[in-house]
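Visitor: I am new to this structure and should like to learn how its features are read. May we go through it together?

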Amino acid sequence: MSFDKLGLRAELLRAVRDAGYTTPTPVQAQTIPLILEGRDLLAGAQTGTGKTAGFTLPLLQRLHTTPAPKPIPAGRNGVVRRPVRALILAPTRELAAQVEESVRTYGKFLPLKSAVVFGGVNIRPQMMQLYRGVDILVATPGRLLDHVQQRTVDLSRVEILVLDEADRMLDMGFVQDIRRVLALLPNKHQNLLFSATFSEEIKALADSLLDSPAHIEVERQNSAVELISQSVYFASKANKRDVLVHLLVEEKIEQALIFTRTKHGADKLVQQLHQDGIPAVPLHGNRSQVQRMNALADFKSGRARILVATDIAARGIDINQLPFVINYEIPNVPEDYVHRIGRTGRAGSEGTAISLVSGDEMRFLAAIEKLLKQRIERRELMGFTPAFPQDRPVFEKVAPARTRQQPKPQPAKRTDRPNRQAAKPEPAFVPRQNAPKRTPRYEEEVTTRPSSRKDNRPEWVKAKQR
């Protein structure tokens, strides 16, 4: 099946061919016809399946073929601006920038304007761009509400709303911000909700937002992409860094995305890799937006061989044909493992995911394998012996943890042991007899030390006093 059979316009087909795509992915083949019909959609698709193009292409066509609303007057000078007709919400800055880049790529032959707004940068250039008017706005929820408060954006004429990575937005605590944004939209508009997982919160949000939606789930929930080769290397905390450097050198890895659990761990690993002569850049929430954009640019261009990131960037990095993803520290949430390794093996290309597991991370590995319902291949490196026993079977039953209602039982007290503390006699109080009474020092000083104060009174006052 080709894109020509999906009912897309010639301008969009030309842009798709220029981007190097000829055959739609399964999620694109299913979502594009439904969105073109104007139906609400609830789509579940793993990262890297091409879902961004799956909603971007039909969105561009619907906006181009439907008549545009009247412009909005802006200011006393009679200037008018385009109203926002499509709103795309994304959880992270990197993902928002990536989606807006896709909108410009696929819509370069259409007279539609787009913009992206997110936090961490100066708001005034964004305000000026919104003042001139845009058709498609990609935003993070927090910065979008900032613009609403500044009255630089009007959402009363939105025709299409897209919630991309909705499960991630709920995990990051954006549910109240999303509801505030929904209250600003018109009553009648098309809603598209894309999520990698379908939790109870997602289902509740879909029930309140979507109207008789079409339901699509391209791949099994929380499944890993089949094109990704997964493996595990056991290493103690002391030699994890040596194992990582050995893999980067011996496997001749020219480009790799490495994940850590903490921001401090990412910065520390970057410093250690620099000491080993390996160029690396960090990417996490404590970095400014300019630093994060520069890090991504250096990584994509090849100036930086390694990108060390935290889970905040797990869904915002889209790099064509990224060969390796390395979990320097595996996540404690099993679903985050799926999103991490989803940065490789994208758009039908093969990828490799490597995880370095220490003794205290065995329980995290067991949870991940239980979620995937498969055992990840174990590998060993010559000269690196883990300082802990081998792992137990994945599905071995573990005794449930005790809760507060079930306190740990205490051993019974022995009654045959004598109470030595009670038998110990208390010391008797013996007052001191005939203790000499000592005169306070200050009284001695007062009586013996002469006064050093000078009498500066006049002589006639002294005589009168005598």
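The dialogue below takes up helix packing, ring contacts and buried residues in turn.

Guide: Please bear in mind throughout that this is a predicted model.

Visitor: How does one describe a pair of packed helices?

Guide: Two packed helices are described by the angle between their axes and the distance between the axes. Here, the axes of helix 13 (residues 334-341) and helix 14 (residues 362-372) come within 8 Å, crossing at roughly 75 degrees. Angles from 65 to 115 degrees count as roughly perpendicular, and helix 13 and helix 14 are therefore roughly perpendicular to each other.

Visitor: Which residues make the contact of helix 13 with helix 14?

Guide: Helix 13 contributes P334, E335, Y337 and V338, while helix 14 contributes A367, I368, L371 and L372. By class, this contact has seven nonpolar residues, no polar ones and one charged residue.

Visitor: Where does V333 lie, and is V333 buried or exposed?

Guide: V333 is placed in the loop between strand 14 (324-327) and helix 13. With a relative accessible area of 35%, V333 is partly exposed. V333 and A367 are 34 residues apart in sequence, and their C-alpha atoms are 8.2 Å apart in space.

Visitor: Let us turn to aromatic rings. How many aromatic pairs are there?

Guide: The count comes to one aromatic pair. The ring centres of F55 and F194 are 5.2 Å apart and the ring planes stand at 50 degrees, so the pair is tilted. F55 belongs to helix 3 (residues 51-65) and F194 to strand 8 (residues 190-195), so the pair ties together parts that are 139 residues apart in sequence. Both F55 and F194 are buried.

Visitor: Which charged residues lie over the face of a ring?

Guide: R14 lies over the face of F109, at 4.0 Å from the ring centre. K240 lies over the face of Y328, at 5.6 Å from the ring centre.

Visitor: How should one read the buried residues of a single helix?

Guide: An α-helix has 3.6 residues a turn, so residues three or four places apart point the same way. In helix 6 (residues 141-150), the buried residues are P141, R143, L144, L145 and H147.

Visitor: What covers the buried residues of helix 6?

Guide: The cover includes strand 4 (86-89), strand 5 (114-117) and strand 6 (136-139). It also includes helix 5 (124-132), helix 7 (166-171) and helix 8 (175-182).

Visitor: Which residue follows helix 6?

Guide: Helix 6 is followed by R151, which has a positive phi, near 60 degrees.

Terms used
Residues are numbered from 1 along each chain as its sequence is written. This is a predicted model: local features need pLDDT of at least 70, side-chain atom pairs count only at pLDDT 80 or more; totals for chains, interfaces and linings use all residues. Side-chain values use heavy atoms; hydrogens and water are left out. Axes are lines fitted to C-alpha atoms, for helices over the stretch in contact, and angles run from 0 to 180 degrees between N-to-C directions. Helices (H or I, at least four residues) and strands (E, at least two) are DSSP runs, numbered from the N terminus. Angles under 35 degrees count as roughly parallel, over 145 as roughly antiparallel, 65 to 115 as roughly perpendicular and the rest as oblique. Contact means heavy atoms within 4.5 Å. Ala, Val, Leu, Ile, Met, Phe, Trp, Tyr, Cys and Pro count as nonpolar, Asp, Glu, Lys and Arg as charged, and the others, Gly among them, as polar. Buried means under 20% relative accessible area, exposed over 50%, partly exposed in between (1.4 Å probe, protein chains only). Rings of Phe, Tyr and Trp (its six-membered ring) pair if their centres lie within 6.5 Å; planes under 30 degrees apart count as stacked, over 60 as edge-to-face and the rest as tilted. A charge sits over a ring if NZ of Lys or CZ of Arg is within 6 Å of the ring centre and within 35 degrees of the ring normal.
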